[in-house]
Amino acid sequence: MDDLIVKQAKEFLDTEDTLSAMCNITSLLYHELGFVNWVGYYFYKNGKLSLGPFQGKVACSSIPVGKGVCGTAFQKKMLMNIIDVTRFEGHIACDPDSKSELVVPLIYENKIFGVLDIDSDNYRRFGSKEEDIVSAVADLIAKKLAGK
Ligand code: SME
């Protein structure tokens with residue numbers, strides 16, 4: 001995908017150190033997408049989703065599979081673009097400022113590692129452009145996590 005954010009994410013991932021690349025990608029998305037108040041990962045560990053590197057206010061350290069937007073995106077293995085989180089039943093409000101949320105599963109060849117979660121303090125912040133950018137970034141991260 002021909003987008004500067006995706007290109008930069010690719011450059012960050014061109015390293016042995018996956019964790020540092022993933023940390024930098026949270027900062028990249030946080031600062032470059034615009035109108036975003038939280039970006040981070042939840043990794044599947046011991047039967048639940050555990051908080052990984054992030055930018056933003058402190059967040060819940062674990063989320064059960066099937067709960068909240070993150071747990072639902074993980075369970076269904078599908079992108080969730082919630083234009084108004086107050087209308088999503090079961091939304092987990094870590095930061096009351098969050099109004100819309102984009103969650104993309106980290107999947108490579110059917111193996112799911114967790115989710116990339118992005119919150120905005122604006123309603124309807126994420127559209128198809130953001131879905132495409134964040135999906136492309138999530139695909140790159142999942143491939144790296146798979147050791148490919
Ligand atoms: N809102 C998420 C929880 C994680 S925070 O947004 C950082 C959810 O409903 O799964």
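E109 has its place in the loop between β5 and β6, and in this predicted model the residue is exposed, with a relative accessible area of 63%. Although E109 is not a glycine, its phi is positive, at about 45°. Most residues other than glycine have a negative phi. F35, which is likewise not a glycine, has a positive phi of about 55°; this residue lies in the loop between α2 (18–32) and β1 and is exposed, with a relative accessible area of 59%.

**The ligand and its surroundings**

The ligand is surrounded by 13 residues, of which V69, C70, I92, E101 and D119 are the closest. Three polar contacts between protein and ligand are listed in the table, each with the kind of atom on either side.

| Residue and atom | Ligand atom | Distance |
|---|---|---|
| V69, backbone N or O | oxygen | 2.9 Å |
| H91, side-chain N or O | nitrogen | 3.3 Å |
| D117, polar side-chain atom | oxygen | 3.3 Å |

Of the 300 Å² of accessible area that the ligand has on its own, the protein covers 99%. What is the space taken by the ligand? That space is the largest cavity. Two or more residues of the shell around the ligand come from each of the elements β1 (38–45), α3 (68–76) and β6 (111–120), and among these contributions that of α3 is the most, with three residues.

**Helix α3 and the loop before it**

T72 is found in helix α3, where, at a relative accessibility of 11%, this threonine counts as buried. A polar atom of the T72 side chain lies 2.5 Å from the backbone oxygen of G68. In the loop between β3 and α3 lies V65, which is partly exposed, with a relative accessible area of 30%. The C-alpha atom of V65 is separated by 27 Å from that of L13, a residue 52 positions apart from V65 along the chain.

A pair with a wider spacing in sequence can be set beside this one. A9 belongs to helix α1 (residues 4–13) and, at 0% relative accessibility, counts as buried. The residues A9 and L140 are 131 residues apart along the chain, yet their C-alpha atoms are separated by 7.9 Å.

**The cysteines**

How many disulfides does the count come to? The count comes to one disulfide, formed by C60 and C94, whose sulfur atoms are 2.4 Å apart. A disulfide is a covalent bond between the sulfur atoms of two cysteines. The torsion about the S-S bond of C60 and C94 is -45°, and the link is left-handed. C60 lies in the loop between β2 (48–56) and β3 (62–64), whereas C94 lies in the loop between β4 (80–82) and β5 (100–108), so the pair ties together parts that are 34 residues apart in sequence. C94 counts as partly exposed, at 33% relative accessibility.

Why is C23 without such a bond? The cysteine sulfur closest to that of C23 belongs to C70 and is 17 Å away, which is too far for a bond, given that a disulfide requires two cysteine sulfur atoms within 2.5 Å. C23 is partly exposed, with a relative accessible area of 32%.

C70 is also in no disulfide, the nearest cysteine sulfur being that of C94 at 7.7 Å. This distance does not meet the cut-off either, because the two sulfur atoms would have to be within 2.5 Å of each other. With a relative accessible area of 4%, C70 is buried, and this cysteine is one of the residues closest to the ligand.

Taken together, the cysteines and the ligand can be read side by side. C94 takes part in the disulfide with C60, and the sulfur of this same C94 is the nearest cysteine sulfur to C70. C70 in turn appears with V69 among the closest residues to the ligand, and V69 places a backbone N or O atom 2.9 Å from an oxygen atom of the ligand.

Note on methods:
Residues numbered from 1 in each chain as written. Predicted model: local features only at pLDDT ≥ 70, side-chain atom pairs only at ≥ 80, totals over all residues. Heavy atoms only, no water. Helix = DSSP H or I, 4+ residues; strand = E, 2+ residues; numbered from the N terminus. Buried < 20%, exposed > 50% of the residue type's maximum accessible area, 1.4 Å probe, protein only. Near = heavy atom within 4 Å. Polar contact = N/O pair within 3.5 Å; in protein donor to acceptor, adjacent residues only side chain to side chain. Areas by Shrake-Rupley, 256 points an atom, 1.4 Å probe, with all protein chains shown as cover. 1 Å grid on protein atoms, 1.4 Å probe; cavity = no way out; pocket = protein on both sides within 12 Å on 5 of 7 lines; lining within 4 Å. Sits in = over half its atoms within 2 Å of the grid points.
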